[in-house]
Amino acid sequence: MEEDSRDEVIVNSEPVQFEPTGTMEVQDQVICAPKDIEEDEEKNKKRHLNVVFIGHVDAGKSTTGGQILFLSGQVDDRTIQKYEKEAKEKSRESWYMAFIMDTNEEERAKGKTVEVGRAHFETETSRFTILDAPGHKSYVPNMISGASQADIGVLVISARKGEFETGYEKGGQTREHVQLAKTLGVSKLLVVVNKMDDPTVNWSKERYDEIESKMIPFLRSSGYNVKKDVQFLPLSGLLGSNMKTRVDKSVCPWWNGPCLFEALDAIEAPPRDPKGPFRLPIIDKFKDMGTVVMGKVESGSVSDGDNLLVMPNKAQVKILAIYCDEDKVRHAGPGENLRIRLSGIEEEDLLSGFVLCSVVKPIPAVCEFVAQLQILELLENAIFTAGYKAVLHIHAVMEECEIVELMQQIDPKTKKPMKKKVLFVKNGAVIVCRIQVNNVICIEKFSDFAQLGRFTLRTEGKTVAVGKVMDLAS
């Protein structure tokens, strides 16, 4: 089936005149067969978005992700049958869809996602990369690295009796994930009410409305504009209802909204600057015929053969090859997830959180900065004051930090600084403070580069504050 549709696409795209925009493409045109160019062009026409699946453990994130891949033709029936058999052997029959996303043994045995799974699928107008983040609270740092690469969040909520409540109450992951997603720059959320087919729910409108009415005030308080940036929809990840096609009226008479694929297609892509200074925070690195780094381009574009700088250790590197998804490409713009092979640096000299950037305008590297913080929830009997220590998460950086000085408290109503000198603050306060880290890190002012200037502070596995970088200490 898929092959047919791919042929159609190429046939349709033949009349399009290929006009070289500059010399580079002209040379390439000579080297590679025209068919490659057409495929390349075809691929680049579609916009590319990163979608992260977040939500409480067992809400059905991996199952929904697996179902999407199955429905968009990325996984064939044979594979599904194999997974179904495996799931049965592990006496976990309803998990077979999740096995598509949860590929390693530990994840299958426990039925929990640990690492951020990645997969790709396409709809008619867009290419998507799915990041399936873990919902379990011991894996929140992994979820942070997933969300920091995402443009859209799909928050999966279980409608099953009792499951929504546990995910949402204090200590549940639904709340923490939403706050983190907002800080990490996931600006649009699709709230998917999953397991609507469950016997305790049975596509009940009352249950759906109850969940929506509880979530809206909370999403608002996390900083989402519910009218503009949030959309709710019911579905069943296991049965695939309301995903690729709208749910049948016989099953769910009251739902008139879009299905999941329609909703994803309708989301506006975040604005990105292909001409800005190049920035790619390194998420991961490995050896493979040279040093290979992975990350998402936050700004600027990159081409084969470019000379770049790795900050903060100021190493000059040259690009040997660029891979996008699985394909080798010559050029890539902002928003793409890339693997880049470099020369000029050894794999052991790189850490995740280092940034690949343009030589002309490198990213600042600092060990102290001024930030505006919002305190969410401190640990019991902890006082937030100068000397407070926490773990700072900013793009791919995880670094221990200390609050050196509380500079001023911001009045939440007027948004102006208060006159009184502050020595300590409580939950919910907004504060401007100086933060110091042990090692040099690469960050930007929030006003220059939102994606590289927002962060979270965590203590003992709990998110205590979210903030943005206001000023860099030189």
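Student: Which strands make up the closed barrel, and how are they paired?

Tutor: In this predicted model, six strands form a closed barrel in the order β16-β21-β19-β18-β22-β23, and the pairing is antiparallel. Within this sheet, neighbouring strands are turned by 45° against each other on average, with direction ignored.

Student: How do you know that β16 and β23 count as a pair?

Tutor: Two strands pair if there are at least two bridges between them, and β16 (residues 365–375) and β23 (residues 462–472) are joined over seven bridges in the antiparallel sense, so the condition is met. One of the residues taking part is Leu373, whose bridge partner in β23 is Gly467.

Student: Why is Cys433 called buried?

Tutor: A residue is buried when its relative accessible area is under 20%, and Cys433 has 0% relative accessibility, so Cys433 counts as buried. Cys367, by contrast, is called partly exposed because its relative accessible area is 38%, a value that falls between the limits of 20% and 50%.

Student: How many disulfides does the structure hold, and what keeps Cys433 from forming one?

Tutor: The structure holds zero disulfides. A disulfide is a covalent bond between the sulfur atoms of two cysteines, and here a pair is accepted if the sulfur atoms lie within 2.5 Å. For Cys433 the closest cysteine sulfur is that of Cys401, at 8.8 Å, which is too far for a bond.

Student: What makes Lys195 and His395 worth pointing out in terms of phi?

Tutor: Each has a positive phi without being a glycine: phi is near 60° for Lys195 and about 35° for His395. Lys195 lies in the loop between β5 (188–194) and α11 (205–221), whereas His395 is found in the loop between β18 (389–394) and β19 (397–410).

Student: Are these two loop residues buried or exposed?

Tutor: With the limit for buried set at under 20%, Lys195 at 15% relative accessibility counts as buried, and His395 at 6% counts as buried as well.

Student: Why is Val247 called buried, and what does it touch?

Tutor: The relative accessibility of Val247 is 9%, and because buried means under 20%, Val247 counts as buried. Val247 lies in the loop between β6 (230–234) and α13 (260–266). Leaving aside residues up to four places away in sequence, Val247 touches Trp203, Ser241, Asn242, Cys252 and Trp255. Between Val247 and Pro258, which are 11 residues apart in sequence, the C-alpha to C-alpha distance is 9.0 Å.

Student: Which residues touch the most other members of the largest nonpolar core?

Tutor: That core has 55 residues, and the ones touching the most other members are Met215, Leu219, Leu260 and Leu264. Its largest share, six residues, comes from α11. Apart from this core lies another, of 29 residues, and among them are Leu373, Ile403, Ala429 and Cys433. As for Met215, if residues up to four places away in sequence are not counted, Met215 touches Leu155, Ile157, Phe164, Tyr168, Thr174 and Phe232.

Student: What kind of peptide bond joins Met311 and Pro312, and where is Pro312 placed?

Tutor: The bond between Met311 and Pro312 is a cis peptide bond, with omega about 5°. Pro312 has its place in the loop between β10 (307–311) and β11 (315–324).

Key: Residues are numbered from 1 along each chain as its sequence is written. This is a predicted model: local features need pLDDT of at least 70, side-chain atom pairs count only at pLDDT 80 or more; totals for chains, interfaces and linings use all residues. Side-chain values use heavy atoms; hydrogens and water are left out. Helices (H or I, at least four residues) and strands (E, at least two) are DSSP runs, numbered from the N terminus. Axes are lines fitted to C-alpha atoms, for helices over the stretch in contact, and angles run from 0 to 180 degrees between N-to-C directions. Buried means under 20% relative accessible area, exposed over 50%, partly exposed in between (1.4 Å probe, protein chains only). Contact means heavy atoms within 4.5 Å. A nonpolar core is a set of buried Ala, Val, Leu, Ile, Met, Phe, Trp, Tyr and Cys residues joined through side-chain atoms within 4.5 Å.
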